[in-house]
Amino acid sequence: MSATATSYVVSSPNSLSPTHLSSTTSTRTRSVILYSSKLVSTWRGCYSLRPAFFSSELFFRIPYGSSKRTSISTASKPFSPVTMEWQDCVVKMELDVPTSVAYDCYSDREAIPRWMPFISSVKILEDQPALSQWSLKYKAFGRDIKFSWLARNLQPIPNQKIHWRSLDGLPNRGAVRFYPKGPASCVVELTVSYEVPQILVPVASALKPFLESLLGRGLERFASFAKTYQAESTS
């Protein structure tokens, strides 16, 4: 009796696809081992693929001559990456100061705790001024929330853009963009993206509007801070 053998190969880290091999007269049952990008014959008559990210072997048997379809839904699960939820918050505000003044004020990272409600401290590293250590402290959702992270300021565009990304600690990244509205006013747009901390996953749906409200309040205080800065620099 002739039969057809079917094997499965990995076409991407998250998917498996069947590939037609050949017809054979054998009625033996062979083991097929799923792994990596290359099939090699084993001493047991199996086909083996070995990836860099698994230490144990996953295998299943496909009987020759069987017409029954073999399910591979469980075999594909180890290839699915664990992803955490990211949220993006965007707020913007028009300020009654020139773009250059707003840009200079926001460039002073260590002054940010003076106007951003939930930032408790920012410390620039003396030997690496592009790096800064941040601390967040705020009471919300019935608990004291505390996080810290090391951030790197990326290459800025003077009077147009300041952006950063975290290197460790709370995963986050963001940018501040400055748009001139006239000689004495501008629009500041703040974008903050962050990975929802595990402790706040139960309130993730409420977290984004809550944080956008805090960021908006921060920009309101920043507007006053920038006005004071302008007055002091011109006096």
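This is a short talk on the core, the ring pairs and a few strands and helices of one structure. Keep in mind that the model is predicted.

I'll begin with the nonpolar core. The largest one has 44 residues, and the members that touch the most others are L95, Y106, M116, V188, L190, L215 and F222. Helix α2, residues 204–234, is the biggest contributor to this core, with ten residues.

Take L190 as an example from that group. Leaving aside residues up to four places away in sequence, L190 touches C89, V90, V91, Y106, M116, W164, A175, V176, L215 and L219.

Now the aromatic rings. There are eight aromatic pairs in the structure. One of them is Y106 with W115: the ring centres are 5.0 Å apart and the planes meet at 65 degrees, which is over 60, so this pair is edge-to-face. Both Y106 and W115 are buried. Ring pairs also tie Y106 and W115 into a cluster with Y103, F178 and F222.

Another ring has a charged neighbour. R173 sits over the face of W86, 4.2 Å from the ring centre.

Next is helix α1, which covers residues 99–107. Which of its residues are buried? They are T99, V101, A102, Y103, C105 and Y106. An α-helix has 3.6 residues a turn, so residues three or four places apart point the same way. The elements covering the buried residues of α1 include strands β7, β11, β12 and β13, together with helix α2.

Strand β11, residues 161–169, brings us to H163, which lies in it. Is H163 buried or exposed? H163 counts as buried because its relative accessibility is 17%, and the cut-off for buried is under 20%. What does the side chain of H163 reach? It reaches the backbone oxygen of Q155, at 3.0 Å. Q155 also appears among the residues that H163 touches, and the others are R152, N153, L154, G174 and A175, again not counting residues up to four places away in sequence. A175 came up earlier too, as one of the residues touched by L190.

Last, a pair of strands. Strand β8, residues 119–124, and strand β9, residues 131–140, run antiparallel and are joined by five bridges. For V122, the bridge partner in β9 is W134. The connection from β8 to β9 is a hairpin, made through six residues.

To go back to one residue: Y106 is buried, belongs to the ring cluster, and is among the core residues with the most contacts to other members. That is the end of the talk.

How values were computed: Residues numbered from 1 in each chain as written. Predicted model: local features only at pLDDT ≥ 70, side-chain atom pairs only at ≥ 80, totals over all residues. Heavy atoms only, no water. Phe/Tyr/Trp six-rings, centres within 6.5 Å; stacked < 30°, edge-to-face > 60°. Buried < 20%, exposed > 50% of the residue type's maximum accessible area, 1.4 Å probe, protein only. Lys NZ or Arg CZ within 6 Å of the ring centre and 35° of its normal. Core = buried A, V, L, I, M, F, W, Y, C linked by side-chain atoms within 4.5 Å. Helix = DSSP H or I, 4+ residues; strand = E, 2+ residues; numbered from the N terminus. Contact = heavy atoms within 4.5 Å. Polar contact = N/O pair within 3.5 Å; in protein donor to acceptor, adjacent residues only side chain to side chain. Pairing = 2+ DSSP bridges.
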